[in-house]
Amino acid sequence: MSPLRLTALLFGLLGSAAAAFADEGAAAILHRMNRSAEHVAFEGTLVYLHGHDLAALRVSHRVGAGGSGESLFSLTGPVRALARHAGGVTCMLPDSAPLTVRRPAAAGGLLGGLVLDFSALSSHYGVARHGVFRIAGRETDVVSVMAKDVYRYGYRFYVDQASGLPLKVDLLAHDRVPIQQIMFTDIDIDPAAAPPSGGEPPARPTPAPGDDADWEPRRLPSGFAVISRANFERDDGATVRQLVVSDGLASFSIYAEPPATGVLRGESQLGAVSAAGGRIGEHHVTVVGEVPLATVRFVLDGMAAALD
Amino acid sequence: MSTDLEKQRICCLMDGEAGRFEAAAAINDLLGSPELVGSWERWHLIRRALRREPNDLAARNIAGRVRAQLTATSGPTEPAPLPRIPHGSRWLSAPVGGALAAGMALLGLAVVLTRPVPGALDGDVQLAATTERWQQQDPAVRNRLDRLLFNHHEQMAGPARSGVGLYVAVIGYERLP
């Protein structure tokens, strides 16, 4: 799961159960960060470090009456661009045709609306505050959200004191070694856009009961649960079924579809995103999300073992 | 119909000359217009060829798009009896000819990219060098994984949530030469 999303997620929750965190100051910072990620308009340049690869991107986040929108544009290497708007997301990559994915009509922003169970969350993450640090010439508060097992990433946020925006986000492995880092080198923030004081976040969505099909997971890593189900059509008209799974911060999806060409067989990664795919009964199943490879492997292996 | 101004703005964007606050507007123009997307694709391919950067033509599905364009502009796909064509007359109807012309334009571009270009491009022009996004050589697999990931992100983020953090890994990922 991406840092901002994570942030987002995190904080819908904090409103009612901040005390569950070890550090209430950290919880308040994260709560504000979550709201800012949604309501504050900005434009800036950030660097993305993954492994030994470094890239620079120009990004903007707009806020308007019709909803928010973002654009990302690579400043290094082959030209890449992405725009996200109310209808979905369109992406131009150097190694594929332009890709447009419409936002599912039922998508309600699970990240923003999810209410975390802090007692459960504290079983899998530890939250702490680490003082202040300067990023892009601005003062930030540093807060970490550390994973307690290998099935989720940890995060370290550098949250702008003035706006609440995360100006640097480190994604951390279980041993606290950074996997990827995203950092603004300069940023222009719309001073008129401030996070509104919000009320209680909406209740956590209750997913429709499953049909107990043979592809549904019989086991998930501790703390993860199915939070949403959806169906959509493939280009050839076949139905693809989706389960969205989250522990309240990290998330991934399980997709089941009729076997076809061009599906993932085995494991794959893109940055911190992991994916695993294989045949489960009469379906091809793909598990994908911003979680460690161990997580998607655990889920897929569990589904395969259930058929044995 | 895209305006010259929009095309000019896309050119500036591609050359890295878009103004500090113009890039976002240019990207919106670009991704909201199929015509501009087409222009972008063509410029992108040519630019990469001139720079001797690899172009994965299979990934761009050029053959499929030519076929789709032919199908779209030539009417029913059922084979019709060939009309008797008087000697010296036009050998194709206008729509089919136009479709073929469009297809040949794309195919011509493909030829340019698959052959060493003389002069400034002496040396090897890499064709379809292995891309390592997702560590998958098959572009169909990469495309499908992109779709599944985007769909997951959109399910989680919702319309109001910032997507910057979600997609940084997708846009930021690149292989060094």
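**Notes on a six-stranded sheet in chain A**

1. A good place to begin is strand β17(A), which is mostly covered: six of its seven residues are buried. Please keep in mind that this is a predicted model. Happily for this starting point, β17(A) is where the confidence in chain A is highest, at a mean pLDDT of 95.

2. Where does β17(A) sit? It belongs to an open sheet of six strands in chain A, ordered β12-β13-β14-β17-β16-β15, with antiparallel pairing. The edges are formed by β12 (225-233) and β15 (266-270) of chain A, each of which pairs on one side only. On average, neighbouring strands of this sheet are turned by 20° against each other, direction ignored. As a reminder, strands of a sheet pair through backbone hydrogen bonds, either parallel or antiparallel.

3. On one side, β17(A) pairs with β14(A) in the antiparallel sense, over six bridges. If you would like a pair of residues to look at here, Ile254(A) stands opposite Val287(A) in β17(A).

4. With β16(A), β17(A) again runs antiparallel, and seven bridges join the two strands. They form a hairpin with two residues between them. Next to look at is Ile280(A), which stands opposite His283(A) in β17(A). In the turn, Gly281(A) has a positive phi of about 60°.

5. Moving along the sheet, β14 (residues 251-257) of chain A also pairs with β13 (residues 239-246) of chain A, antiparallel and over six bridges. Which residue of β14(A) is the bridge partner of Gln242(A)? That is Tyr255(A).

6. Do have a look at helix α5 (residues 293-307) of chain A as well. This helix lies across β14, β15, β16 (273-280) and β17 (283-289) of chain A. Its direction is at about 10° to β16(A).

7. Now a word on confidence. Chain A averages a pLDDT of 81, and 78% of the residues score at least 70. The lowest confidence in the chain is in helix α1 (residues 3-17) of chain A, with a mean of 43. Over residues 6-21 of chain A the pLDDT is below 50, although the model gives this stretch 58 contacts beyond near neighbours in sequence.

8. A second stretch deserves similar care: residues 107-116 of chain A stay under a pLDDT of 50. Here the model has 50 contacts beyond four places in sequence. Where pLDDT is low, the predicted coordinates should not be read in detail.

Definitions and conventions
Residues numbered from 1 in each chain as written. Chains lettered and ligands numbered in written order. Predicted model: local features only at pLDDT ≥ 70, side-chain atom pairs only at ≥ 80, totals over all residues. Pairing = 2+ DSSP bridges. Helix = DSSP H or I, 4+ residues; strand = E, 2+ residues; numbered from the N terminus. Axes fitted to C-alpha atoms, helices over the stretch in contact; angles between N-to-C directions. Contact = placed C-beta atoms within 7 Å. pLDDT = per-residue confidence, 0-100. Buried ≥ 20, exposed ≤ 12 C-beta atoms within 10 Å, placed from the backbone.
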